[in-house]
Number of protein chains: 2
Amino acid sequence: MMELTRKGEYAIRGIVYLAAQPVDRVCLLSEIAAAVDVPPTFLAKIFQQFSKIGLVRSYRGTGGGFLLGRVPEKITLLEVVEAVEGPIIPNRCVVGTGECARDVSCTVHPVWKRVQEQVRDVLEGVTLKDLAGG
Amino acid sequence: MMELTRKGEYAIRGIVYLAAQPVDRVCLLSEIAAAVDVPPTFLAKIFQQFSKIGLVRSYRGTGGGFLLGRVPEKITLLEVVEAVEGPIIPNRCVVGTGECARDVSCTVHPVWKRVQEQVRDVLEGVTLKDLAGG
DNA sequence: CCTAACAAGACATTTTTTATCCTTTTAGGG
DNA sequence: CCCTAAAAGGATAAAAAATGTCTTGTTAGG
């Protein structure tokens, strides 16, 4: 359980590759896809999601391509992962019959809350700079 | 992401219900399923998995049913979750083209390793006694 | 031997993941 | 103005996983 999907994996590979490029070097999607071995059409979808929230900037037409939206040291792994996988939510409720909604009687809830915090903390502590290896 | 499946949710509900019963009270699957609002046939599969690894003991025939395999304070949430969801593995590898296999060049690997440890630590620190509320 | 109860395996359905394709939009260059 | 390059967006398809059911087998008690 707790497994990153392939999409998340691809997302990280792709954006780490971008982060490893010289500043202001525009990369074609096709180049990135080939370099990190991801189906180009799939990576396109992923980068569209990145683009919408500003993790990357994109340019169309001749000479177009992708750039990192911010410097690598200001992009955390948490942002990247949540961009494509959605928020980290291990704690859909678990005890008794109903919705829980943080019911006082729900003893498991705080546990999942802690799991969530721990995971977020780890991922937030890692930046693309760390991953791209300056 | 990182979401417990419904199976895991059901598993926890079911075994926590068992843990909340008086010692040596045998519970019918049908009783448990009704109490925690889980499809009986599905819960049956889950308890079969528990049974195989000794988390619960089962008795067949008239007067049969389920009992906790050990005292609640000796069963951790980690065991319960891993019994039905498999091991906690967030770190299928992620960088570059290939298998990684803990390649030295794989910078993300240690991050997922840390995530795994954190999650395991949290879940291991909670027992069925804690959840069943003495 | 009849009934109660769990065990095990096969099967069906639904949802999610993992793609691919086609059309549209934007931009640059001749 | 037209042609080509490149990303954006939407629809669709295939594969895998999750979710649930059914049938048959096994074990035990009365």
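How many residue pairs are in polar contact between chain A and chain B? In this predicted model, the count is 6 residue pairs, both partners being at pLDDT 80 or more. The rest of this report places that count in context, going from the fold of chain A to the interface, the nonpolar core, the salt bridges and two loop residues.

**Chain A**

Chain A contains 6 helices and 2 strands. Read from the N terminus, its elements follow the order α-α-α-β-β-α-α-α, so the two strands sit between two sets of three helices in this order. Chain A has 134 residues, and 49% of them are buried. Among the contacts in chain A with a separation of 6 or more, 59% join residues that are 24 or more positions apart.

**The interface**

The size of an interface is often given as the accessible area lost when the parts come together. Between chain A and chain B, the buried area is about 3,700 Å². Carbon and sulfur atoms give 62% of that area. M1(A), M2(A) and R92(A) together supply 20% of the area that chain A buries against chain B, more than any other three residues.

Each chain brings residues to the contact: 37 residues come from chain A and 37 residues from chain B. How many salt bridges does the rule find across the interface of chain A and chain B? The number is 0, while the polar contacts there come to 6 residue pairs.

Several helices of chain A take part in the side that touches chain B. Helix 1 (6-19), helix 4 (77-85), helix 5 (109-124) and helix 6 (128-132) each supply at least two residues of this side. Helix 5 of chain A gives the most, with 8 residues. Sorted by class, the side of chain A that touches chain B has 23 nonpolar, 5 polar and 9 charged residues.

**The nonpolar core**

In soluble globular proteins, nonpolar side chains tend to be buried together. The largest nonpolar core of this model holds 89 residues. Which of its residues touch the most other members? They are F47(A), F50(A), F47(B) and F50(B). Helix 1 of chain B, residues 6-19, gives the most to this core, with 8 residues.

F47(A) can be followed one step further. Setting aside neighbours within four places in sequence, F47(A) is in contact with G14(A), I15(A), L18(A), L29(A), I32(A), V56(A) and F66(A).

**Salt bridges**

Side chains of opposite charge can pair when their charged atoms come close. Over all chains, the rule gives 8 salt bridges. Three of them are listed here.

| Salt bridge | Closest N to O distance |
|---|---|
| E9(A) and R13(A) | 3.1 Å |
| E82(A) and R120(A) | 3.1 Å |
| R25(B) and E31(B) | 3.0 Å |

Why are E9(A) and R13(A) separated by about one helical turn? The reason is that they are 4 residues apart in helix 1 of chain A. E9(A) counts as buried because its relative accessibility is 5%, under the cut-off of 20%. R13(A) is buried as well, with a relative accessible area of 7%.

The bridge between R120(A) and E82(A) joins two helices. R120(A) lies in helix 5 of chain A and E82(A) in helix 4 of chain A, so the pair ties together parts that are 38 residues apart in sequence. R120(A) is partly exposed at 29% relative accessibility, and E82(A) is partly exposed at 22%.

In chain B, E31(B) pairs with R25(B). E31(B) is partly exposed, with a relative accessible area of 21%, and R25(B) is partly exposed at 33%.

**Two loop residues of chain A**

Is T76(A) buried or exposed? T76(A) has a relative accessible area of 15% and is therefore buried. T76(A) lies in the loop between strand 2 (65-68) and helix 4 of chain A. Not counting residues up to four places away in sequence, T76(A) touches L123(A), E124(A), V126(A) and T127(A).

N91(A) lies in the loop between helix 4 and helix 5 of chain A. N91(A) is buried, with a relative accessible area of 7%. Leaving aside neighbours within four places in sequence, N91(A) is in contact with H109(A), W112(A) and K113(A). N91(A) and P110(A) are 19 residues apart in sequence, and their C-alpha atoms are 8.6 Å apart in space.

Key
Residues numbered from 1 in each chain as written. Chains lettered and ligands numbered in written order. Predicted model: local features only at pLDDT ≥ 70, side-chain atom pairs only at ≥ 80, totals over all residues. Heavy atoms only, no water. Core = buried A, V, L, I, M, F, W, Y, C linked by side-chain atoms within 4.5 Å. Buried < 20%, exposed > 50% of the residue type's maximum accessible area, 1.4 Å probe, protein only. Contact = heavy atoms within 4.5 Å. Buried area = accessible area lost by both parts, 1.4 Å probe. Salt bridge = Lys/Arg side-chain N within 4 Å of Asp/Glu carboxyl O. Polar contact = N/O pair within 3.5 Å; in protein donor to acceptor, adjacent residues only side chain to side chain. Nonpolar A, V, L, I, M, F, W, Y, C, P; charged D, E, K, R; others polar.
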